[in-house]
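Trainee: I've got a new structure to look at and don't know where to begin. Can you walk me through it?

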Amino acid sequence: MNLLTVENISKSYGENILFSDISFGVNKGQKIALIAKNGTGKTSILNIISGIDTPDTGQVNFRKGVRVSFLQQEPEMNDDLTIEETIFASDNEVLKVMSDYEAALANPEDAEKYQLAFDAMDRFEAWDFETQYKQILSKLKLDDVHLNVGLLSGGQKKRLALADALINKPDLLILDEPTNHLDLEMIEWLEQYFAKENITLFMVTHDRYFLERVCNEIIELDNNTLYPYKGNYSYYLEKKEARIEQEAVEHHKSKILYKKELGWMRKQPKARTTKSKSRIDDFNDIKAKAHQRRKEHQVELEINMERMGSKIVELAKVSKSYPDKPILNKFEYNFLRGERIGIIGKNGTGKSTFLNIISGEDKPDSGKVIIGETIKFGYYTQKGIQIKEGQKVIDVIREFGDYIPLKKGQQISAQQLLERFLFDRKKQYDFVDKLSGGERKRLYLCTILIQNPNFLILDEPTNDLDIVTLNVLESFLMDFPGCLLVVSHDRYFMDKIVDHLFVFRGDAVVEDFPGNYSDFRTYEDSVLIENRESKEKEVKAEKKTWKTEGKTKTLTFQEQKEYNTIENKIKKLEEQKISLQNKFSDTSLSGEDIDKLSKELQEVLDEIETKTERWFALSAIVEG
């Protein structure tokens, strides 16, 4: 069943033609990824499909009644709403039922309203939906649903927008870089979610393992032509290579035919027959094909990097913490020449702080960071590059250097480096404010590399980079002779360029793992299986020992009703307790007033204790 049809759409900005006459369709059950270089219009295509933008020509048609959710790279949200209010603002009927139920819980005195809301939850089977909704928020680390959106970081807002899109359960989900701002654990959960859910996807992503495990079709936009591949990322790589080889053969044939036809053209008299005029028209097509060139760039640089001495970087009993968040505790490590270390861990465990300490942008609370005299850092941060108004691409890079010295006395100029990172000569004289987000990141990388560092520190370098640029960057880094320290959630990237990992577990626990990310994942999975099997044996032994008999107890209707309201009642009692405690600070109180307040406070404390015990009893049955 067709959900979406895109017919002959075109988009340009002035003389810059992004794409023209693009057509494709999305059918129910397909999980499609769109692949293209940065700046060729991937996000523009998504914006046109979602209705945020309009094409210059062509049209977009959805099947009648299709529900669509769109995840933007930079979601626009109402900062005045809470996380929960943002979710419930959807037009999803089940979410409205859940919203009514939450409101009824907040006012348990209105028994009739509560009963209606409770019955609606049953009728719409919203209990299971509520469990899924809370699980999604939990997996994306959005547990405090009463937090205001205005207090969230950019990454948290992106995760909230993703949660909102998933919870709405649309017929078609359109995603622009869904794995950005997710840690590795979240990405792997999202892969599993899409694998088991019967959902139709159309997405742009540079995460190649995600493409491999989620997508069943890939569409590549290359030189204004769409190429569909009915398979995952491995299939795409295989078929693309075959296509390029075939194109090379066809191009070679066109050049031979062009030379032959060119000779005929030169020999012909000015007066020509109708037949010869037809051949002239064909000649123009042959000429165009013969002069087609693929803009494929390979980075082949034998860099004459500054010499490293025996002392690289040493961390001696380094400690760092923030209030209620320890990052490092007497951490020690001595970097060796040519080491390539990847850093992984959940968001908030201190990965970026660690990089800042090594580079000198942050100071440890105690301990020392000893830097060798010959070490020259190149630090790529998540903040990106500060661009001056009116600057051109070539001007930006020349502020940092004019060339990189190569071996045998040669050098590569700033212009040549930009070309190798997919900025052709024309693009180099474009104003920076015309660049896409991914192109700016690519330019930022070039400003780091032109300085010829011998110790590269990269904090999420793969965010917003297209797959073509990632291959270029990987090619460069694999030949880089210096030290490399990289934080990235791109597992494919990490597997290719690092030798071992620092695993940030949180609470100042940092483990040195001898292998790449796939090795680590295999190890972690084996540990999980061992722990699960061990726990299952303990449970079986316990059942056998106690010889538990009878059916597991479940809540009655009245107990379920009580369980659903008791937390709210405890919360109100806690607020009443604080209010009473605050009244004791009034110096004008008489002895009689103090006695009265004391009795009230004790009654509230007794009630809190009673309800808390009851809550534990009911919870034990629920978790049972």
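Mentor: Let's go through some salt bridges, a few loops and helices, and a surface patch.

Trainee: Sure. What should I know about the model before we start?

Mentor: This is a predicted model, so local features need pLDDT of at least 70 and side-chain atom pairs count only at pLDDT 80 or more, while totals for chains, interfaces and linings use all residues. Residues are numbered from 1 along each chain as its sequence is written, and side-chain values use heavy atoms, with hydrogens and water left out.

Trainee: Okay, how many salt bridges are there?

Mentor: The count comes to 30 salt bridges. A salt bridge here is a side-chain nitrogen of Lys or Arg within 4 Å of a carboxyl oxygen of Asp or Glu.

Trainee: Which residue does Arg213 meet in a salt bridge?

Mentor: Arg213 pairs with Glu191, at 3.6 Å from N to O. Arg213 lies in helix H8 (residues 208-214) and Glu191 in helix H7, so the pair ties together parts that are 22 residues apart in sequence. Helices (H or I, at least four residues) and strands (E, at least two) are DSSP runs, numbered from the N terminus.

Trainee: And is Glu191 buried or exposed?

Mentor: Glu191 counts as buried, at 7% relative accessibility, whereas Arg213 is partly exposed at 47%. Buried means under 20% relative accessible area, exposed over 50%, and partly exposed in between (1.4 Å probe, protein chains only). Glu191 and Arg213 also belong to a network of salt bridges with Asp207 and Arg491.

Trainee: What about Arg243, which residue does its side chain meet?

Mentor: Arg243 has a salt bridge with Glu220, at 3.0 Å from N to O. Arg243 is in helix H9 (residues 233-267) and Glu220 in strand S8 (residues 217-222), so this pair ties together parts 23 residues apart in sequence. Both Arg243 and Glu220 are buried.

Trainee: New topic. Where is Leu190?

Mentor: Leu190 is in helix H7, which covers residues 184-196. Leu190 is buried, with a relative accessible area of 0%. Its C-alpha atom is separated by 9.1 Å from that of Phe210, and the two residues are 20 apart along the chain.

Trainee: What's going on in the loop before H7?

Mentor: Glu177 sits in the loop between strand S6 (172-176) and H7, and has a positive phi of about 50° although it is not a glycine. His181 is found in the loop between S6 and H7 too, with a phi near 75°. Glu177 counts as buried at 5% relative accessibility, but His181 is partly exposed at 32%.

Trainee: Why is H11 called largely enclosed?

Mentor: Because seven of the nine residues of helix H11 (residues 351-359) are buried, the helix is largely enclosed by the rest of the structure. Among them are Phe354, Leu355 and Ile357. Gly360 follows H11, and its phi is positive, near 90°.

Trainee: Which backbone nitrogen does the side chain of Asp466 reach?

Mentor: That of Thr469, at 2.7 Å. Asp466 lies in the loop between strand S17 (455-459) and helix H16 (467-479). Asp466 counts as buried, at 2% relative accessibility.

Trainee: Last one: where is Asp606?

Mentor: Asp606 is in helix H20 (residues 591-623), and at 37% relative accessibility it counts as partly exposed.

Key: Polar contact = N/O pair within 3.5 Å; in protein donor to acceptor, adjacent residues only side chain to side chain.
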